[in-house]
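Please examine the fold shown below. The paragraphs that follow lead from its sheets and domains to its pockets and a few local features.

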Amino acid sequence: MTPLPLRPDSRVLVLTGAGISAESGVPTFRGAGGLWEGHPVTEVASPEGFDADPALVWRFYGERRQARKTVAPNPGHRALVALEHALGDRFLLATQNVDGLHREAGSQRVLAIHGELFESKCERCRVPFPDERTYLGEPVPVCPTCGQRIRVNVVWFGEMLDPKHLRQIDRFIAEAGNRLVFLAVGTSGLVYPAAGLVDSAKQVGGTTVLVDLAPNREHARRFDRVEVGKSGEVLPRLLAAAQ
Ligand code: APR
C-alpha cells in the first residue's frame, strides 16, 4: 500500500465513524448486527422518542455506557494519535463517534460532533456534565436544579450539531485550501453534515481518501482514493510515512 503522500505543509482533516471503533468491539449502526437493526432510530435517538418513552431510551444508552466500559482503543485510533503528534496544529479530527475512544487513545485535537456518551444534560438547563452512570433499573434521572428530565448528551436525529464545531471545521478547510488532505475512516456517509465534508474538501482543491471495510458505493465514488480494509490494519500502514 502506498503511504499517504504528505508534504511538510499538508493539513489533515480526519472524519471518523463507527467503523474505526468496530475492532474495539463497539457495534456499528447500519448493516447486519448494527445497533439500528434492533432499535428503530426514531425510538431511541430522537427527541420524539425520548418524549414517548424516556425509560426505553435511557435503557438503550445505559447499556451502551455499560458496554463501552469494557472496550479500549485499537491500532486505528493509535495511528491517528501518532499522526497528530507529527502534524500538531496541521491536524484536526472530527468524530461522529460518541464513545470517547479517540481521547482515551491520546488524541487531543478532537471534535465530538455527535456528542459524548459519557456526558448528560438537563433538557432545560442544557449544560453538559460528565456522567458514567447507566441508570439501569433506576427511574429516569431528573435535574436537581429545575426538575426537568436528564438526557444523554448525544446529538439525536433532527437536532443541530454544535455550530462552534462546524465553524472550526470550516475554518480548517478554508485555511488549508489545496494543502488539505481529507481522510474519512469507517463511515457510511449517510448522515449529514458530516457526509458533506468530502465535497467541501474537494471545493478547496484538497485530496480526499476513504478507508472503509465495506465502502458504501455511492459514498466511495466521491473520493479520490479508497482503501478497502479494517482501519486498525490500514491506518498504521497508510500513515506510516508521517509518523
Ligand atoms: N474498519 C473500517 N471500516 C469499518 C470497519 C472496520 N473494522 N467495520 C465496519 N466499517 C465500516 C462499514 O463498512 C461502514 O461503512 O464502517 C461504516 C459504519 O457505518 P455506520 O454504521 O453507518 O456508522 P457511521 O457512518 O458512523 O454513522 C453515522 O449515523 O446513526 C447515526 O449518529 C449516528 O454517528 C452515527 C451516524
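Across which strands does helix 8 lie? Helix 8 (163-176) lies across strand 1 (11-16), strand 2 (91-95), strand 3 and strand 7, and runs at about 145 degrees to strand 1. Helices here are DSSP runs of H or I with at least four residues, strands are runs of E with at least two, and both are numbered from the N terminus. Angles run from 0 to 180 degrees between N-to-C directions, with axes fitted as lines to C-alpha atoms, for helices over the stretch in contact. This is a predicted model, in which local features need pLDDT of at least 70 and side-chain atom pairs count only at pLDDT 80 or more, while totals for chains, interfaces and linings use all residues. Residues are numbered from 1 along each chain as its sequence is written, and side-chain values use heavy atoms, with hydrogens and water left out.

The strands touched by helix 8 belong to an open sheet of six strands with the order 3-2-1-7-8-9 and parallel pairing. Two strands are taken to pair if DSSP finds at least two bridges between them. Strand 3 and strand 9 (225-228) are the edge strands, each pairing on one side only. On average, neighbouring strands of this sheet are turned by 15 degrees against each other, direction ignored. Within the sheet, strand 7 (residues 180-185) and strand 8 pair in the parallel sense over five bridges, and Ala-184 stands opposite Leu-210 in strand 8. Helix 11 (residues 231-238) also packs on the sheet, where it touches strand 7, strand 8 and strand 9. The direction of helix 11 makes about 145 degrees with that of strand 8.

A further open sheet has three strands in the order 5-4-6, and its pairing is antiparallel. Strand 5 (129-130) and strand 6 stand at the edges with a single partner strand each, so one side of each is left without a neighbour in the sheet. Strand 4 and strand 6 pair in the antiparallel sense over five bridges; Glu-116 stands opposite Asn-153 in strand 6. Helix 5 packs on this sheet and touches strand 4 and strand 6, its direction making about 140 degrees with that of strand 4.

The chain as a whole is divided into domain 1 (11-26 + 72-114 + 160-242) and domain 2 (35-70 + 119-154), with bounds that come from an automatic or database domain assignment. Taken over C-alpha atoms, the centres of domain 1 and domain 2 are separated by 27 Å. Six residues of domain 1 are in contact with four residues of domain 2, where contact means heavy atoms within 4.5 Å.

The pockets come next. On a 1 Å grid over the protein atoms alone, a pocket is an open set of points where a 1.4 Å probe fits, with protein on both sides within 12 Å along at least five of seven lines; its lining residues have an atom within 4 Å of a point. Grid points are joined across faces, edges and corners, and a volume is the space filled by probe spheres set on the points. The largest pocket has a volume of about 850 Å³ and is lined by 42 residues, of which Gly-17, Ala-18, Phe-29, Arg-30 and Ser-188 lie nearest its centre. Its lining draws at least three residues from each of domain 1 and domain 2. Helix 1 (19-22), helix 5 (54-68) and strand 8 (207-212) each supply at least two residues of that lining, and strand 8 gives the largest share, three residues.

The second largest pocket holds about 430 Å³ of space. Of the 26 residues that line the second largest pocket, Ala-112, Gly-115, Glu-116, Asn-153 and His-165 are the closest to its centre. Strand 4 provides the largest share of this lining, four residues, and the lining again draws at least three residues from each of domain 1 and domain 2.

Two backbone features remain. Most residues other than glycine have a negative phi, and most peptide bonds are trans. A cis peptide bond joins Tyr-192 and Pro-193, with omega about 5 degrees, and Pro-193 is found in the loop between strand 7 and helix 9 (197-203). Arg-126, in the loop between strand 4 and strand 5, has a positive phi near 70 degrees.
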